[in-house]
Amino acid sequence: MARPRKFEEHRAIESAMRAFWAAGYEATSTQDLCEATGLGRSSIYNTFTSKRDLFRQALLHYTGERNASLAELMDGDLPVRDKVRTVLWWAVDPEPGDPAGCLVVNSMVELAPHDTEIAELLRRDNDKRLRVMREAFEAARSRGELDAAQDPQTLAHFVFATVSGLRVAARGGHDRTALESIARTALSVF
């Protein structure tokens with residue numbers, strides 16, 4: 001009979017996600033993962049088979065959480081401008097304790113160019129986010145909240161690119177004032 005796991009796998013994935021998010025895939029060592037998760041090497045490899053598998057699961061966890069929050073917001077009753085403001089301010093004012101930047105953006109730069117599986121995972125994530133935003137913008141346009149000439153797909157790409165840029169700027173050390181200025185400028189489109 002198999003021994004029961006003595007740790008909560010979800011918690012280990014969350015902890016590993018934060019380690020990868022803070023340092024990147026290559027710079028996060030197995031020892032870093034052991035320290036972050038509180039697990040020994042054998043527990044990590046017995047459960048996740050490899051650092052890459054743990055990273056893939058951590059990235060899926062990250063995108064799943066972020067996409068659920070985005071979908072909930074975009075499906076809500078707020079005016080579209082308030083929805084966009086909320087999305088932009090998620091990048092300006094992240095949750096306390098969150099590493100700077102974005103695990104998706106970091107992974108796009110670090111891994112996607114040479115890892116086809118991660119690139120495909122990120123492409124599917126990008127498609128989901130764009131679809132959710134585009135549908136919200138289409139609904140807002142039909143309600144008269146957006147000018148009929150504004151293209152919902154283009155707006156979705158614009159918001160996604162702006163948020164990505166804000167995350168890169170935050171990781172690069174830009175202060176809150178600079179980030180707010182960028183977000184306010186982007187919000188003026190709406």
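Helix α1 has 15 residues, and its first and last C-alpha atoms lie 21 Å apart, close to the 21 Å expected at 1.5 Å a residue. The model is predicted, and α1 is a convenient place to enter it. Seven of its positions can be named as buried: A12, I13, A16, M17, A19, F20 and W21. These buried residues pack against α2 (30-37), α3 (41-48), α4, α6 and α8. Just past the end of α1, G24 has a positive phi of about 95°.

The rest of the chain is helical in the same notation. Its secondary structure amounts to nine helices and zero strands, so that, by the definition of these elements, the order from the N terminus reads α-α-α-α-α-α-α-α-α. The C-alpha atoms fill a box of roughly 60 × 40 × 30 Å along the principal axes. Of the 190 residues, 43% count as buried. Taking contacts between residues at least 6 apart in sequence, 71% join residues at least 24 apart.

A second helix to follow is α7. Its 27 residues should span 39 Å because each is counted at 1.5 Å, and the end C-alpha atoms are 38 Å apart, which agrees. The buried residues of α7 are I118, L121, L122, D125, N126, R129, L130, V132, M133, A136, F137 and A140. Their cover includes α4, α5, α6 and α8.

Two of these α7 residues lead on to the nonpolar interior. In soluble globular proteins, nonpolar side chains tend to be buried together. Here the largest nonpolar core has 29 residues, and L88, M133, F137 and V159 have the most contacts inside it. At least two residues of this core come from each of α4, α5, α7, α8 and α9 (176-187). Apart from it lies another core, of 26 residues, among them A12, I13, Y62 and C102. A12 and I13 are also among the buried residues of α1. Back in the largest core, F137 is in contact with V80, V84, L146, P152, L155, A156, V159 and F190, leaving aside its neighbours within four places in sequence.

What space is left open among the helices? The largest pocket holds about 480 Å³. Its lining is made up of 25 residues, and Y62, R66, W90, R129 and R167 lie nearest its centre. Y62 also belongs to the core of 26 residues, while R129 is one of the buried residues of α7. Helices α1 (9-23), α4 (51-75), α5 (80-92), α6 (103-110), α7 (116-142) and α8 (152-171) each supply at least two residues of the lining. By class, the lining has 14 nonpolar, two polar and nine charged residues.

Enclosed space is a separate matter. Rolling a probe the size of a water molecule over the atoms shows where empty space is left. A search of the whole structure finds one cavity of 30 Å³ or more, and the largest cavity has a volume of about 30 Å³. Its lining consists of A91, P94, P99, A100, G101, R167 and A170. Five of these are nonpolar, one is polar and one is charged. R167 appears here and also among the residues nearest the centre of the largest pocket.

How values were computed: Residues numbered from 1 in each chain as written. Predicted model: local features only at pLDDT ≥ 70, side-chain atom pairs only at ≥ 80, totals over all residues. Heavy atoms only, no water. 1 Å grid on protein atoms, 1.4 Å probe; cavity = no way out; pocket = protein on both sides within 12 Å on 5 of 7 lines; lining within 4 Å. Points joined across faces, edges and corners; volume = space filled by probe spheres on them. Helix = DSSP H or I, 4+ residues; strand = E, 2+ residues; numbered from the N terminus. Nonpolar A, V, L, I, M, F, W, Y, C, P; charged D, E, K, R; others polar. Expected span 1.5 Å × (residues − 1). Buried < 20%, exposed > 50% of the residue type's maximum accessible area, 1.4 Å probe, protein only. Contact = heavy atoms within 4.5 Å. Core = buried A, V, L, I, M, F, W, Y, C linked by side-chain atoms within 4.5 Å.
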